[in-house]
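Here is a short set of exercises to work through with the structure open beside you. Try each task before reading its solution.

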Amino acid sequence: RKDCEFVFYGVVDKKYGKILRKKGLKIMGKYKQSDLSKILTNIDVGLVLPIWEDSAPQVVMEFLNNKIPVIATKMGGIPDFVNEKNGYLFNPYDENSVKKVCEYINTITHESIENMRRNIVRTKTPEEHSNELKEVYNEILRCS
């Protein structure tokens, strides 16, 4: 799409970086955690495209906690956070699924992005999650 800019933050292998730049991807390189809020203000939709299992997808949580819809692979814990209301999931190993997500990206509108934004529910912080787990453990200890 000519009206979209695809930007990657993080470290990229030189070989693949060269290929991706030729395809139009803008590679920003490393960033500091303190830069994250500024970076996220310029993002309409987050792409999270791992091909491996990740039980706690931090990038997904960062996007959602900043009201950014997510297009992601159905890998690991990502489907626990992303659904048809706040994003789009696809199977990276299924050619038909990959074609469908490409079609989706080519037809997504500002209105559909705003609809997804309205459906985003903030995820728990690591501290909130830790406190909940501690309460569960304490309850188990009290019952034994």
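**Exercise 1. The largest nonpolar core**

Task: Find which members of the largest nonpolar core touch the most other members, and which elements each supply at least two residues.

Solution: Keep in mind that you are working with a predicted model. Start from the 14 residues of the largest nonpolar core; those touching the most other members are Leu40, Ile43, Val48, Val60, Phe63, Val70 and Ile78. Next, map the core onto the secondary structure: helix H2 (36-40), helix H3 (58-65) and strand E4 (70-73) each supply at least two of its residues. There is also a second, separate core of eight residues, among them Val101, Tyr104, Ile105 and Met116.

Now take one residue in detail. Leaving out residues up to four places away in sequence, valine 48 touches Val59, Val60, Phe63, Val70, Ile71, Ala72, Thr73 and Ile78.

**Exercise 2. Helix H3 and its neighbours**

Task: List the buried residues of H3 and say what they pack against.

Solution: Begin with burial: Val60, Met61, Glu62, Phe63 and Leu64 are the buried residues of H3. Then look across from them, where their packing partners are H2, strand E3 (46-48) and E4. Finally, step past the end of the helix: H3 is followed by lysine 67, which has a positive phi, near 60 degrees.

**Exercise 3. Salt bridges across the chain**

Task: Count the salt bridges, then describe the pairs formed by lysine 26, arginine 117 and lysine 124.

Solution: The count comes to seven salt bridges. As background, side chains of opposite charge can pair when their charged atoms come close.

- Step one: lysine 26 pairs with glutamate 5, and their closest N and O atoms are 3.7 Å apart. This pair links distant parts of the chain, with lysine 26 in strand E2 (residues 26-29) and glutamate 5 in the segment before strand E1 (7-9), 21 residues apart. Lysine 26 is partly exposed because its relative accessible area is 40%, while glutamate 5 is exposed at 57%.
- Step two: arginine 117 forms a salt bridge with aspartate 44, with 3.5 Å between the closest N and O atoms. Here too distant parts of the chain are linked: arginine 117 belongs to helix H5 (residues 110-118), aspartate 44 to the loop between H2 and E3, and 73 residues separate them. Arginine 117 has a relative accessible area of 18%, so it counts as buried, whereas aspartate 44, at 42%, is partly exposed. Widening the view, Asp44, Glu114 and Arg117 are linked in a network of salt bridges.
- Step three: lysine 124 and glutamate 132 form a salt bridge in which the closest N and O atoms are 2.8 Å apart. Lysine 124 is partly exposed, with a relative accessibility of 44%, and glutamate 132 is partly exposed as well, at 38%.

**Exercise 4. Cysteines**

Task: How many disulfides are found in the whole structure, and how far from cysteine 102 is the nearest cysteine sulfur?

Solution: The search finds zero disulfides. For cysteine 102, the nearest cysteine sulfur belongs to cysteine 4 and is 13 Å away, against a disulfide cut-off of 2.5 Å. Cysteine 102 counts as partly exposed because its relative accessibility is 41%. Cysteine 143, at 59%, is exposed.

**Exercise 5. A surface patch and a loop glycine**

Task: Which residues make the nonpolar surface patch of about 390 Å², and which residues does glycine 76 touch?

Solution: The patch is made by Leu133, Val136, Tyr137 and Ile140. Tyrosine 137 lies in helix H6 (residues 126-143) and is exposed, since its relative accessible area is 51%. A helix fact is useful when you inspect the patch: an α-helix has 3.6 residues a turn, so residues three or four places apart point the same way.

Now move to the loop between E4 and strand E5 (87-90), where glycine 76 lies. Glycine 76 is partly exposed because its relative accessible area is 31%. Not counting residues up to four places away in sequence, glycine 76 touches Glu53 and Asp54. Its C-alpha is 5.0 Å from that of serine 55, although the two residues are 21 apart in sequence.

**Exercise 6. The whole chain**

Task: Summarise the order of elements and the span of the C-alpha trace.

Solution: Count the elements to get six helices and five strands. Read from the N terminus, they run β-α-β-α-β-α-β-β-α-α-α. The C-alpha trace spans about 60 × 30 × 30 Å along its principal axes. Of the 144 residues, 28% count as buried.

Notes
Residues numbered from 1 in each chain as written. Predicted model: local features only at pLDDT ≥ 70, side-chain atom pairs only at ≥ 80, totals over all residues. Heavy atoms only, no water. Core = buried A, V, L, I, M, F, W, Y, C linked by side-chain atoms within 4.5 Å. Buried < 20%, exposed > 50% of the residue type's maximum accessible area, 1.4 Å probe, protein only. Helix = DSSP H or I, 4+ residues; strand = E, 2+ residues; numbered from the N terminus. Contact = heavy atoms within 4.5 Å. Patch = residues over 30% accessible without salt bridge, like charges linked within 9 Å, V, L, I, M, F, W, Y side chains within 5 Å. Areas by Shrake-Rupley, 256 points an atom, 1.4 Å probe, with all protein chains shown as cover. Salt bridge = Lys/Arg side-chain N within 4 Å of Asp/Glu carboxyl O.
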